[in-house]
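Please look through the sequence and the model shown below. The paragraphs that follow lead from one helix to a central topic of the fold and then to the chain as a whole.

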Amino acid sequence: MRTIRVLLVDDHEGFINAALRHFRRLEWLEVAGTAGNGLEAIERSEALRPDVVLMDLAMPEMGGLQATRLIKAQDEPPFIVIASHFDDAEHREHAIRAGADGFVSKLSYLQEVVPILERLAGVQAP
């Protein structure tokens, strides 16, 4: 098992805080930083070099799809998971075309994202 470093990207502070409260309980996960839009996500991804970026789809200034494309163009890009309330085939397809490695629904965010993170960290089931 390895510790994975995560960058949380969402324009809703309440969502970030709820995720932070849950992620603090996971000893194999470190939140490297947070960002409130796609522009900040690109800058922080470059500066912090996280293993994973958990990216909101719809944000002001720059959305998650464009930010994903630009982050994936970086040297040694992180694993990117797009999260959205818009959970349908069209939005999932747009996320994958943008270069995202995964897509989760915000309606079941923790139930969907934690198993992805566990797999990346090599966490074994108890």
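Which residues of helix H2 (residues 38-48) are buried? In this predicted model, they are Gly 38, Ala 41, Ile 42 and Ser 45. Viewed down the axis of H2, these buried residues fall within an arc of 100°, so they line one face of the helix. The spacing fits a general rule: an α-helix has 3.6 residues a turn, so residues three or four places apart point the same way. On the other side of H2, Glu 43 and Ala 47 are exposed. The cover over the buried residues of H2 includes strand E1, strand E2 (29-35), strand E3 and helix H3.

The two ends of H2 also deserve attention. At the N-terminal end, Asn 37 acts as a cap, with a side-chain oxygen 2.9 Å from the backbone nitrogen of Leu 39. After H2 comes Arg 49, which has a positive phi, near 50°.

Strand E3 (residues 52-56) is one of the elements that cover H2. How many of the five residues of E3 are buried? Five of the five are, so the strand is largely enclosed by the rest of the structure. In a regular strand the side chains alternate between the two faces of the sheet. In E3, both faces are covered: Val 52, Leu 54 and Asp 56 are buried on one side, and Val 53 and Met 55 are buried on the other.

The neighbours of E3 within the sheet can be followed next. Strand E1 (residues 4-9) runs parallel to E3 and is joined to it by four bridges; Val 6 has Val 52 as its bridge partner in E3. Strand E4 (residues 79-84) also runs parallel to E3, and five bridges join these two strands. Here Val 52 stands opposite Phe 79 of E4. Val 52 thus appears in the pairing with E1 and in the pairing with E4. The connection between E3 and E4 involves helix H3 (residues 64-72), and together the three elements make a right-handed β-α-β unit.

The whole chain can now be considered. It contains five helices and five strands, and from the N terminus on its elements run β-α-β-α-β-α-β-α-β-α. The radius of gyration is 13 Å, close to the 14 Å that the globule rule gives for 126 residues, so the chain is as compact as a globular protein of that length. Along the principal axes, its C-alpha trace spans about 40 × 30 × 25 Å. Of the 126 residues, 44% count as buried. Among contacts between residues at least 6 apart in sequence, 65% join residues at least 24 apart.

Key. Residues numbered from 1 in each chain as written. Predicted model: local features only at pLDDT ≥ 70, side-chain atom pairs only at ≥ 80, totals over all residues. Heavy atoms only, no water. Buried < 20%, exposed > 50% of the residue type's maximum accessible area, 1.4 Å probe, protein only. Pairing = 2+ DSSP bridges. Right-handed = clockwise from strand over helix to strand, strands pointing away. Arc of directions from axis to C-beta. Contact = heavy atoms within 4.5 Å. Polar contact = N/O pair within 3.5 Å; in protein donor to acceptor, adjacent residues only side chain to side chain. Rg over C-alpha atoms; globule rule 2.2 N^0.38 Å.
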